[in-house]
Amino acid sequence: MNLVDHIACVAALTGCVDHDPAALAADEHLRFDWYRDARPRDERAFLEAVLRDPDKAMAVSAVAVRIGAKATAAGDFCAWAEKVAPALAHNSFLRDRLAEWRLVREVFEGRPVNPDVVLSASDWAQRKLAAVVDGELLMLLAEHGRTRRVRAMTRIPRPARPRDATILPPLRRH
């Protein structure tokens, strides 16, 4: 399948008719934005199609951005993650990023999490957690965080977050 055919396949999944296939084929930055902003009817099929893009690095980045956008938006992220997980199963980075966003959401929503999972999380996930946790998890990261940066983040004064928040606060991108 050539790139224009690939774009047509993705467009069919989104119902998008107002795109320029030639421009999208010529510029991976436009394709990235198009993938990021798409509103597909079937998210799992859409992500599978995006990951078939010939520019693998761009495709993985576009999917990672979609995961982050879904994770920081209102709604049931865990249900969405369950639906799309099979589409990401063959890519370890995306599979791990999806799991770590689930961990961050669970912590933020006040659900109990396994401390071993927190300590085995990536530097990225520990930084995200250090920015939002309090109580025992904050002390755990302060003492056993993977990096000096994570441990230092636990000492930064910040206002207490409300327990009844339904979505994540804006998270800094590193």
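The points below comment on the fold, the core and a few selected residues of this predicted model.

1. Overall fold. The secondary structure amounts to 11 helices and 0 strands, and the order along the sequence is accordingly α-α-α-α-α-α-α-α-α-α-α. Of the 174 residues in the protein, 41% are buried. When contacts between residues at least 6 apart in sequence are considered, 59% of them join residues at least 24 apart. The exposed area of the protein is about 9600 Å², of which carbon and sulfur atoms supply 55%.

2. The nonpolar core. The largest nonpolar core comprises 50 residues, and Ile67 and Leu88 are those with the most contacts inside it. The element that gives the most to this core is helix H5, spanning residues 56-72, with 8 residues. Once residues up to four places away in sequence are set aside, Leu88 touches Leu47, Leu51, Val63, Ile67, Leu94, Arg95 and Leu98, so that list includes Ile67, named with Leu88 for the most contacts inside the core.

3. Helix H7. This helix covers residues 92-108, has 17 residues and reaches 24 Å from its first C-alpha to its last, which is close to the 24 Å expected at 1.5 Å a residue. At its N-terminal end Asn91 acts as a cap, with a side-chain oxygen lying 3.1 Å from the backbone nitrogen of Phe93. After H7 comes Gly110, and its phi is positive, near 85 degrees.

4. The buried residues of H7. Leu94, Arg97, Leu98, Glu100, Trp101, Leu103, Val104, Arg105, Val107 and Phe108 are the buried residues of this helix, a list in which the charged side chains of Arg97, Glu100 and Arg105 appear beside nonpolar ones. As general background, an α-helix has 3.6 residues a turn, so residues three or four places apart point the same way. The partners against which the buried residues of H7 pack are H5, helix H6 (77-88), helix H8 (115-120), helix H9 (123-132) and helix H10 (135-144).

5. Arg66. Which residues surround Arg66, leaving aside its neighbours within four places in sequence? They are Tyr35, Arg36, Asp37, Ala38, Pro40, Glu43, Phe46, Leu47 and Trp80. Arg66 belongs to helix H5, and it counts as buried because its relative accessibility is 5%, with the limit for that class set at under 20%.

6. Phe32. This residue lies in helix H3, which runs over residues 28-37, and its relative accessible area of 18% places it among the buried residues. Beyond its neighbours within four places in sequence, Phe32 is in contact with Met58, Ser61, Ala62 and Val65. Phe32 and Val60 are 28 residues apart along the chain, while their C-alpha atoms are separated by 9.8 Å.

7. Val132. Located in helix H9, Val132 has a relative accessibility of 6% and therefore counts as buried. Its C-alpha atom is 9.4 Å from that of Thr154, a residue 22 places away in sequence.

8. Cysteines. How many disulfides does a search of the whole structure find? The search finds 0. Cys9 counts as partly exposed because its relative accessibility is 28%, whereas Cys78 is buried, with a relative accessible area of 13%.

Definitions and conventions
Residues are numbered from 1 along each chain as its sequence is written. This is a predicted model: local features need pLDDT of at least 70, side-chain atom pairs count only at pLDDT 80 or more; totals for chains, interfaces and linings use all residues. Side-chain values use heavy atoms; hydrogens and water are left out. A disulfide is a pair of cysteine sulfur atoms within 2.5 Å. Buried means under 20% relative accessible area, exposed over 50%, partly exposed in between (1.4 Å probe, protein chains only). A nonpolar core is a set of buried Ala, Val, Leu, Ile, Met, Phe, Trp, Tyr and Cys residues joined through side-chain atoms within 4.5 Å. Helices (H or I, at least four residues) and strands (E, at least two) are DSSP runs, numbered from the N terminus. Contact means heavy atoms within 4.5 Å. The expected span of a helix is 1.5 Å times one less than its number of residues. A polar contact is a pair of N or O atoms within 3.5 Å; within protein, one must be able to donate a hydrogen and the other to accept it, and residues adjacent in sequence count only if both atoms are side-chain atoms. Accessible areas come from the Shrake-Rupley method with a 1.4 Å probe; for residues, only the protein chains shown count as cover.
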